Amino acid sequence: LDHATAFENWKQQFNKQYDDLEAEANAFIQFLDNWKMINDFNIADDRSYTLGMNQFSDMTSEEFRFYIHGHDGSCMKPRSVQDRIKMNPVTLDAS
């Protein structure tokens with residue numbers, strides 16, 4: 001299996017470009033780490049689902065969390081039961 005070719009194909013599939021050779025080398029190493037983790041998970045075959053490479057495969061878990069959640073740490077804001085079941089008034093268009 002040619003990992004460099006797989007990385008090149010993945011970059012093309014997800015239109016990935018890097019600012020310099022060092023950034024691309026770091027992305028390649030992370031890509032390989034994620035590929036191994038995904039393969040190990042799928043080989044274990046102890047879940048009802050499998051994982052696959054995607055547009056985030058060049059990110060560490062920390063980079064992914066930052067990308068998804070941003071500075072606040074989470075997009076899930078705590079809400080009370082009252083907030084979750086609160087009914088908002090609906091107005092109907094009279095036309």
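**A friendly note on a four-helix chain**

1. Let's begin with one residue, Asp58. Asp58 counts as buried because its relative accessible area is 10%, and the cut-off for buried is under 20%. Please keep in mind that this is a predicted model. Asp58 sits in the loop between H2 and helix H3 (61–69). Its side chain makes a polar contact of 2.6 Å with the side chain of Tyr18. Apart from neighbours within four places in sequence, the contacts of Asp58 include Trp10, Ala27, Phe31 and Asn34.

2. Now step back to the whole chain. Four helices and zero strands are present, and from the N terminus the order of elements reads α-α-α-α. Of the 95 residues in the chain, 15% are buried. The chain exposes about 8100 Å², with 53% of that supplied by carbon and sulfur atoms. Looking at contacts between residues at least 6 apart in sequence, 46% join residues at least 24 apart.

3. Helix H2 is a good place to practise a check with a ruler. H2 covers residues 21–44, which is 24 residues, so at 1.5 Å a residue it should span 34 Å; the C-alpha atoms at its ends are 35 Å apart, in agreement with that. At its N-terminal end, H2 is capped by Asp20, which places a side-chain oxygen 3.2 Å from the backbone nitrogen of Glu22. Just after the helix, Asp45 adopts a positive phi of about 50 degrees.

4. Which residues of H2 are buried? They are Ala27, Gln30, Phe31, Asn34, Trp35, Ile38 and Phe41. Helix H1 (3–13) is included in what covers them.

5. Next, look at the largest nonpolar core, which is made of five residues: Phe7, Trp10, Ala27, Phe31 and Trp35. H1 and H2 each provide at least two of these residues, and the largest share, three residues, comes from H2. Trp10 is worth finding on your screen: leaving out residues up to four places away in sequence, it touches Lys16, Tyr18, Phe31, Asn54, Gln55, Ser57 and Asp58.

6. Is Lys11 buried or exposed? With a relative accessible area of 11%, Lys11 is buried, and its place is in helix H1. Beyond neighbours within four places in sequence, Lys11 is in contact with Lys16, Tyr18 and Glu24. With Glu24, the side chain of Lys11 forms a salt bridge of 2.3 Å, N to O. This pair links distant parts of the chain, as Lys11 is in helix H1 and Glu24 is in helix H2, 13 residues apart. Glu24 counts as partly exposed, at 23% relative accessibility. Glu8 joins Lys11 and Glu24 in a network of salt bridges.

7. The structure has five salt bridges, and two others make a nice exercise. Lys36 pairs with Asp40, their closest N and O atoms being 2.7 Å apart; both lie in helix H2, four residues apart, about one turn of the helix. The second joins the side chains of Glu62 and Arg65 at 3.8 Å, N to O, and these two both lie in helix H3, three residues apart. An α-helix has 3.6 residues a turn, so residues three or four places apart point the same way. As for exposure, Lys36 is exposed at 52% relative accessible area, while Asp40 is partly exposed at 41% and Arg65 is partly exposed at 43%.

Definitions and conventions: Residues numbered from 1 in each chain as written. Predicted model: local features only at pLDDT ≥ 70, side-chain atom pairs only at ≥ 80, totals over all residues. Heavy atoms only, no water. Expected span 1.5 Å × (residues − 1). Buried < 20%, exposed > 50% of the residue type's maximum accessible area, 1.4 Å probe, protein only. Contact = heavy atoms within 4.5 Å. Polar contact = N/O pair within 3.5 Å; in protein donor to acceptor, adjacent residues only side chain to side chain. Areas by Shrake-Rupley, 256 points an atom, 1.4 Å probe, with all protein chains shown as cover. Core = buried A, V, L, I, M, F, W, Y, C linked by side-chain atoms within 4.5 Å. Salt bridge = Lys/Arg side-chain N within 4 Å of Asp/Glu carboxyl O.
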